Amino acid sequence: MSRRRLAIGTCGDIRFESTKAGKVCARTEFRDWDGRCRDVQATAGTRRAAEDLLKAKLAGRFEYQPGTLEVTADSTFARLVDYWLEDIDLEDRLARQTRDRYAYHMRQLVLPAFGNLTLREIGVARCDQFIKTLAKQSYNKARQAKVVLRLAFGLAMRHEIIPRNPMDGIARLHKPPHEVDALTPAEVNAIRLATRFWETGIATSGPKPDGQLSAIIEVMLGTSARIGEALAIRRRDVDVTGLRPSVAIRGTIVTPRGEAPYRQDHPKTARSRRTVAIPSFTAEALRARLARMDDLSPDALVFSSRNGTPLTMNNVRRQLRHVLDLAGIEGVTPHSFRRTVATAINDCADVELAAELLGHTDSKITIQHYIRRSEMVNPVTADLLEKTFAPDL
């Protein structure tokens, strides 16, 4: 007669044996979470004591559930978050800063509402209401919460913890209309003048500014580079001696939470890796900057601290805020220069060229997020209508 096969995480019948020392041994077979059957036993002075001790041992094995069984539908959402972050680390595919951003959004936006609920208690209706309520406060916060919720529940579904992802059934998140914050040529020149004045040190206390901010602005205006990409430019990436000066975008500066910034040897996306011909104002700013550098090695960062370490993006943003206060301009960030470049190229040429310059894989991204819409319709429409509908007198 074949022996009954145990299910994972269960035990067989308890058997009792007498030992040579006159004690009682209670034993059973337990099928562990790796699928193997193992003998579990406990010895005590009496049958009852041996059975109680064995059951205590088994209780510990029942609770131990490695791998996909570590979280169940009755686990709290907070436990799923830990499990999800562990899975991200195990997969080791995301950039460190992306992983930290996901963790931050989950803990700041989602856990206060869902942390103490079990997965069984979180359905489509609860998720839908949560995202809509958050969207009333901030569209960006709702979007970020939606991303991390979908990813965490997606893992739970793939690992057969829940039957479906509740985020798949929520209502679409509608983005409110917004105006792209591209700068006008007059505003660009006002920022340039304010930067030069700020760099004289007259309007600041403490050490005199080192003059890098004005060059960083000219590089962002002449290349469309993100702030992290601009700060990651090395000597070897700059060519200002040829007939067509250029800058190669080959990396970016990243600052993991709680760690010093460092240069990552690739930009945000594969398409972002590009070589950009630069205008004369950018070439001149780079020539001046290169001439002042003490480190002549090819891998030396063009923009760096006095110790040669990467500049932090937060420090550059702080300096820019001082300059903007002097210029009387509000709501401008380093990314505004990237949008300004995209808008200018689109106005003078077309969106495809703007997308190529920015390193976008899809021009729809450029249109939606980087180009300021002009309210003036192309005047050629008046000529076309004149030709078609002019009265025949």
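Two strands count as paired if DSSP finds at least two bridges between them. Keep that in mind for the sheet I'll show. One caution: this is a predicted model.

Now the sheet. It is open, it has three strands, and the order is β4-β5-β8. The pairing is antiparallel. Which strands sit at the edges? They are β4, residues 238-239, and β8, because each of them pairs on one side only, and pairing takes at least two bridges.

Let's take the β5 and β8 pair. Strand β5 covers residues 246-249. How many bridges join β5 to β8? Four, and the two strands run antiparallel. One register point to check on screen: Ser246 has Ala277 in β8 as its bridge partner.

Stay on β8, residues 274-277. In a regular strand the side chains alternate between the two faces of the sheet. Strand β8 shows that alternation. Arg274 and Val276 point to one face, and both are buried. Thr275 and Ala277 point to the other face, and they are not buried. So Ala277, the partner of Ser246, belongs to the face that is not buried.

Next, the surface. Which residues form a nonpolar patch there? Phe197, Ile202 and Leu326. Together they have about 310 Å² of accessible area. Look at Ile202. It lies in the loop between α6, residues 185-199, and α7, residues 212-223. Is Ile202 buried or exposed? Ile202 is exposed, because its relative accessible area is 65% and the cut-off is over 50%.

Second loop. Gly45 lies between β3, residues 37-44, and α1, residues 47-63. Gly45 also counts as exposed, because its relative accessibility is 53%. What does Gly45 touch, leaving out residues up to four places away in sequence? Lys23 and Val24. Ala21 is worth a look too. Ala21 and Gly45 are 24 residues apart along the chain, and their C-alpha atoms are separated by 9.5 Å.

Last, the whole chain. The protein chain has 14 helices and eight strands. It holds 393 residues, and 41% of them are buried. The chain exposes about 23300 Å². Carbon and sulfur atoms supply 51% of that area. On contacts, take pairs at least 6 apart in sequence: 59% of those join residues at least 24 apart.

To recap the two loop residues: Ile202 at 65%, Gly45 at 53%. And the sheet order, once more, is β4-β5-β8.

Methods: Residues are numbered from 1 along each chain as its sequence is written. This is a predicted model: local features need pLDDT of at least 70, side-chain atom pairs count only at pLDDT 80 or more; totals for chains, interfaces and linings use all residues. Side-chain values use heavy atoms; hydrogens and water are left out. Patches are made of residues with over 30% relative accessible area and no salt bridge: like charges are joined within 9 Å, nonpolar side chains (Val, Leu, Ile, Met, Phe, Trp, Tyr) within 5 Å. Accessible areas come from the Shrake-Rupley method with a 1.4 Å probe; for residues, only the protein chains shown count as cover. A salt bridge is a side-chain nitrogen of Lys or Arg within 4 Å of a carboxyl oxygen of Asp or Glu. Buried means under 20% relative accessible area, exposed over 50%, partly exposed in between (1.4 Å probe, protein chains only). Contact means heavy atoms within 4.5 Å.
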